[in-house]
Amino acid sequence: MSDLKSPANFHWHDRDPGPELFSHAVLEGLGRTDKAVPFRFLYDKTGSDLFEQICRQPEYYITRTELCLLEDKAAEIADIAGPSVRLVEFGSGESRKGRLLLEALEDPAAYIPVDISKAALGAAARQAALDYPGLPVHAVWADFRTGFRLPLPDQGRIAGFFPGSSIGNFTRPQARHFLAGWRDCLGEGGAMIVGVDLIKPVAELEAAYDDRAGVTAAFTLNLLRRINRELDGDFQLSAFRHEAHYNPSTFAIDIHLVSRCRQTVTVCGQAFDFDCGERIHVESSHKYDVEGFQALAEAAGFSPQAVWTDKNHRFSIHFLTVAEISPSPVDA
Ligand code: AVJ
C-alpha cells in the first residue's frame, strides 16, 4: 500500500486476517442451526460506501448527533486528554471524527487509524498525512477485535478513540472484554474516548436501522452479494429481506436477513437449506444508558472521567482513563 505518492509521514501496517477467514466464517455460520455471519464482513468496498450513505440518512441520527457533540465538546475533550496524545482511532472509516479531535488536541504526537476496510483506510489516512504534514500517521489495516501490536511511536499518552457506537456491535460481555484488552495495551495514564448510543423509544431505534430509502437494507443484502462474488455463492438477493428489530431484553437492535421462501443456496460448493422465514443473523447494535456504560467501563478497569450527551439525550461520549486498581476478575 506504500507507493511513491505517499507522504513521508504516512506509514502502512498490514494486519489483515486474510481472505480464508471469510470463507471459514461463512461456511461455519451458515452451517449452524441459528445461521449467522460475523458483522465485520459487511465492510467490503461497497459495504463501506453504503455505510457512509447510511450515516447521511435522516432516520440515522447517530452520525450527525455524534459529530455535533464532538464539534461542541472537542475543546473540553482535548483539555482532559492533555498535550502530546497518540490518538488511536478504532474503525476510522473516513477519519472525519478523528480529525475533529486531532484539530482540537494540543500538539498530538501521532494518529493511528485502525480499520478493516483497506480502501477506506488507505484513502483517509493518506489524506490525513497530507493535511497534517508534521503528524506521523500510522494506518493499521486490521480487525480491531483481535489482538495485535500497535505501531506506536514511544512518546505521549495513548488515547484510544472508539466513535460511532461501534462498541454497540459487541454484546455487553464482549464490550467489557474489548475494553479490558485495550486497557492493558494503553498502559498507565492511558485513556479511552468512546461514543455510545443511548436507549430510546423503539420506533426511533427501529427507523434508524430500516431507513425509508432502503440504504440499510442494501447494506445488509450486500453481504450476500459479497459471498456470491468472493465465495462462489448463488444467493438470489431478491429471495431475502432485511429485518431490524429492537430486543428489549438485550437492549439491542438485531439485524437479520430473512429468507422469503424455502430454498437451497450453494456457497463454495456446499449446499445450505433455508426454510421460509429462516434468518441469518448479521449484526446487533447494543444501546446503553449513561450509568450502565460507566459500570461496564469500571468492570473493564477504567475510571469514568467525564461524559457528554446531546440535549435530546440521543448519544453519549465517554472519557475513560485506565484505573489505578486492576479490575475485578472477570467470569469467563
Ligand atoms: C457501525 C456499529 C455503529 O450499529 O449503528 C448501522 C452499524 N448497521 N446501520 C450501528 C449499522 C446498520 C452501526 N455501527
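**View 1. The residues around the ligand in this predicted model.** Count the neighbours here and you get 15 residues surrounding the ligand. Tyr-60, Gly-164, Tyr-209, Glu-283 and Ser-285 are the closest of them. Sorted by class, the shell breaks down into eight nonpolar, six polar and one charged residues.

**View 2. Polar side-chain atoms next to ligand oxygens.** Two tyrosines and a serine are the ones to look at here. Tyr-60 places a polar side-chain atom 2.5 Å from an oxygen atom of the ligand. For Tyr-209, an N or O atom of the side chain is likewise 2.5 Å from a ligand oxygen. Over at Ser-285, the spacing between a side-chain N or O atom and an oxygen atom of the ligand is 2.6 Å. As for how much of the ligand is covered, the protein takes care of 97% of the 350 Å² of accessible area that the ligand has on its own.

**View 3. The ligand in its pocket.** Zoom out a little and you'll find the ligand sitting in the largest pocket. Three elements each give two or more residues to the shell around it: the helices α2 (45-54) and α8 (215-230), plus the strand β11 (279-286).

**View 4. Two domains contribute to the shell.** Domain 1 (19-54 + 201-286) supplies at least three residues of the shell around the ligand. Domain 2 (58-142 + 155-200 + 288-322) also chips in with at least three.

Conventions:
Residues numbered from 1 in each chain as written. Predicted model: local features only at pLDDT ≥ 70, side-chain atom pairs only at ≥ 80, totals over all residues. Heavy atoms only, no water. Near = heavy atom within 4 Å. Polar contact = N/O pair within 3.5 Å; in protein donor to acceptor, adjacent residues only side chain to side chain. Areas by Shrake-Rupley, 256 points an atom, 1.4 Å probe, with all protein chains shown as cover. 1 Å grid on protein atoms, 1.4 Å probe; cavity = no way out; pocket = protein on both sides within 12 Å on 5 of 7 lines; lining within 4 Å. Sits in = over half its atoms within 2 Å of the grid points. Helix = DSSP H or I, 4+ residues; strand = E, 2+ residues; numbered from the N terminus. Nonpolar A, V, L, I, M, F, W, Y, C, P; charged D, E, K, R; others polar. Domains from an automatic or database assignment.
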